[in-house]
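Please open the structure in your viewer and set the display to a cartoon, with side chains ready to be switched on as each stop is reached.

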Amino acid sequence: MDAGRVHDGLDGLLLRVLKLSEEVGEVAQAVIGATGQNPRKGVTHTWDDVRSELCDVIITALVALRTLTPDAQEVFAAHLARVAERSLGGAGEPRDEGRTPFTEPSALVSRTSVRSPHAKRGR
C-alpha cells in the first residue's frame, strides 16, 4: 500500500483515516440501494453488496490503524478484548441470554417494506 502513496507523513495518515468516511458512505449507498429507498433508482444493490462494503470499511480501518502503529494486531486484539469484556459483563455470557442473532437485516423490519436480501441486483 505504501508503494503507491502520493502523500506521506501526516497528510498520508489523515487521508487514510478520511478514506473511512468514503467507505462508510458506500455502505450507506448500498443499504439505500438494497432497500430501494431512492424512488428514482429503486433497488440497485443486494445485501451481499452491503456485506462487501462493510468488509471494505474493516479493511480500510485496519490499514489506517497499521499506519498509526506497527503493533496494529496487538492494539486491535487488546481493544477487542476490552469491548468483549464490557459487552459480556465479565461473565463470559451475553447479558440477554434469550437473544438470538439474526443473519439478515430483513429480520428487523416488515418483509413487505424491504425487498428480499437475496434478490438479484436490478440496474
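The tour below goes through helix packing, a surface patch and salt bridges, in a model that is predicted.

**First stop: α1 and α2**

Begin by selecting residues 9-35, which make up helix α1, together with residues 47-68, which make up helix α2. The two helices pack with their axes 9 Å apart and at an angle of about 170°. Because angles over 145 degrees count as roughly antiparallel, that value makes α1 roughly antiparallel to α2. If you colour the contact of α1 with α2 by residue class, you should find 16 nonpolar residues, three polar ones and seven charged ones.

**Second stop: α2 and α3**

Keep α2 on display and add residues 72-88, which form helix α3; here the packing angle is about 115°, and the axes are 9 Å apart. To see the contact itself, show the side chains of Leu62, Leu65 and Arg66 on α2, and those of Ala72, Val75 and Phe76 on α3. By class, this contact of α2 with α3 holds five nonpolar residues and one charged residue, with no polar residue.

**Third stop: a patch on the surface**

Now switch to a surface view and select Ile58, Leu62, Phe76 and Leu80, which form a nonpolar patch with about 370 Å² of accessible area together. The elements that give two or more residues to this patch are α2 and α3, and Ile58 is to be found in α2.

**Last stop: a salt bridge in α1**

How many salt bridges does a search of the whole structure find? The search finds three. For one between lysine 19 and glutamate 22, select both side chains and look for the closest N and O atoms, which are 2.8 Å apart. Lysine 19 and glutamate 22 are three residues apart in helix α1, so about one helical turn separates them.

Definitions and conventions:
Residues numbered from 1 in each chain as written. Predicted model: local features only at pLDDT ≥ 70, side-chain atom pairs only at ≥ 80, totals over all residues. Heavy atoms only, no water. Axes fitted to C-alpha atoms, helices over the stretch in contact; angles between N-to-C directions. Helix = DSSP H or I, 4+ residues; strand = E, 2+ residues; numbered from the N terminus. Parallel < 35°, antiparallel > 145°, perpendicular 65-115°, else oblique. Nonpolar A, V, L, I, M, F, W, Y, C, P; charged D, E, K, R; others polar. Contact = heavy atoms within 4.5 Å. Patch = residues over 30% accessible without salt bridge, like charges linked within 9 Å, V, L, I, M, F, W, Y side chains within 5 Å. Areas by Shrake-Rupley, 256 points an atom, 1.4 Å probe, with all protein chains shown as cover. Salt bridge = Lys/Arg side-chain N within 4 Å of Asp/Glu carboxyl O.
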